[in-house]
Amino acid sequence: MRVLLDSSGLQVLSPEECFDLLSTAPIGRIVFTDRALPAVQPVNFHLDGRTIVIRTSTGSKLAAATRRAVVAFEADEFDHERRTGWSVTAVGQAREVSDPAEIDRLAALPMTTWAPGSRDHYIVVEAEHISGRRITATRPHAPVAPRPARS
């Protein structure tokens with residue numbers, strides 16, 4: 001199998017690899033617009049096929065800001081010691097789930113939220129575009145000597 005590298009030397013992941021990696025991450029970050037400014041919020045999520053499922057509270061800023069909005073979603077994993085890791089970004093339209101049958105189905109997914117309080121509101125993001133990169137182990141870099149002070 002041929003490995004495709006980007007201009008920085010990072011491995012470019014196929015869409016299938018991206019979805020496989022997303023399914024292993026417990027936390028991701030959703031990027032949305034809040035009062036005309038970009039906002040990023042960490043969230044627990046579950047990957048349901050190619051759909052990202054997020055549980056939140058009904059009155060949350062996230063719930064209000066993502067109704068039929070185009071959002072980005074990112075998850076990653078890094079090993080600092082080995083200098084390896086991956087990052088996946090998906091872009092798609094977020095929608096709140098209001099159909100009772102769909103809510104019941106989503107409530108049955110193996111999904112645990114970390115934040116306290118009621119989390120009975122579901123947001124789904126259909127991943128329309130997905131991309132990812134992986135960094136593989138590299139030789140440790142030699143420490144950079146400090147530059148002498150200019151007089």
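1. Let's start with the hairpin: β2 and β3 form one with 2 residues between them, and R35 in that turn has a positive phi of about 55°. Helices (H or I, at least four residues) and strands (E, at least two) are DSSP runs here, numbered from the N terminus. Bear in mind that this is a predicted model, where local features need pLDDT of at least 70, side-chain atom pairs count only at pLDDT 80 or more, and totals for chains, interfaces and linings use all residues. Residues are numbered from 1 along each chain as its sequence is written, and side-chain values use heavy atoms, with hydrogens and water left out.

2. The two hairpin strands run antiparallel and are joined by 8 bridges; strands count as paired if DSSP finds at least two bridges between them. I27 stands opposite N44 in β3. β2 also runs antiparallel to β6, with 3 bridges joining them, and R29 has E74 as its bridge partner in β6.

3. β2 has a nice alternating pattern. G28, I30, F32 and D34 point to one face and are buried, while I27, R29, V31 and T33 point to the other and are not. For the record, buried means under 20% relative accessible area, exposed over 50%, and partly exposed in between, using a 1.4 Å probe and protein chains only.

4. Two more backbone spots to check by eye. A36, in the loop between β2 and β3, has a phi near 70°, a positive value in a residue other than glycine. A36 is exposed, with a relative accessible area of 71%. R83, in the loop between β6 and β7, has a positive phi of about 60° although it is not a glycine. R83 is partly exposed, at a relative accessible area of 37%.

5. On to the inside. The largest nonpolar core has 28 residues, and those with the most contacts inside it are L22, I30, F45, I52, I54, F73 and V88. (A nonpolar core is a set of buried Ala, Val, Leu, Ile, Met, Phe, Trp, Tyr and Cys residues joined through side-chain atoms within 4.5 Å.) At least two residues of this core come from each of α1 (15-22), β2 (27-34), β3, β5 (51-56), α2 (61-65), β6, β7 (84-96) and β8 (121-126). A second, separate core of 7 residues includes V53, L106, M111 and Y122.

6. I54 is worth clicking on. Leaving aside residues up to four places away in sequence, I54 touches I30, V43, N44, F45, L62, F73, M111, H121, Y122 and I123, where contact means heavy atoms within 4.5 Å.

7. L62, in helix α2, is buried with a relative accessible area of 1%. With residues up to four places away in sequence again not counted, L62 touches I30, F32, Q41, V43, I54, T56 and I123. The C-alpha atoms of L62 and D34 are separated by 8.5 Å, although these residues are 28 apart along the chain.

8. Which residues form the aromatic pair? A search of the whole structure finds 1 such pair. F45 and F73 form it, edge-to-face, at 4.8 Å centre to centre and with 70° between the planes. F45 lies in the loop between β3 (37-44) and β4 (46-48) and F73 in strand β6 (residues 70-79), so the pair ties together parts that are 28 residues apart in sequence. Both F45 and F73 are buried. The criteria: rings of Phe, Tyr and Trp (its six-membered ring) pair if their centres lie within 6.5 Å, and planes under 30 degrees apart count as stacked, over 60 as edge-to-face and the rest as tilted.

9. Now β8: 5 of its 6 residues are buried, so this strand is largely enclosed by the rest of the structure. β5 and β8 run antiparallel and are joined by 6 bridges, with T56 opposite H121. β7 pairs with β8 in the antiparallel sense too, over 3 bridges, and there A94 stands opposite V125.

10. Last, the largest pocket holds about 190 Å³ of space. Of its 15 lining residues, the closest to the centre are Q41, P42, V43, A115 and R119. β3 and β5 each supply at least two residues of the lining, and the largest share, 4 residues, comes from β3. On a 1 Å grid over the protein atoms alone, a pocket is an open set of points where a 1.4 Å probe fits, with protein on both sides within 12 Å along at least five of seven lines; lining residues have an atom within 4 Å of a point. Points are joined across faces, edges and corners, and a volume is the space filled by probe spheres set on them.
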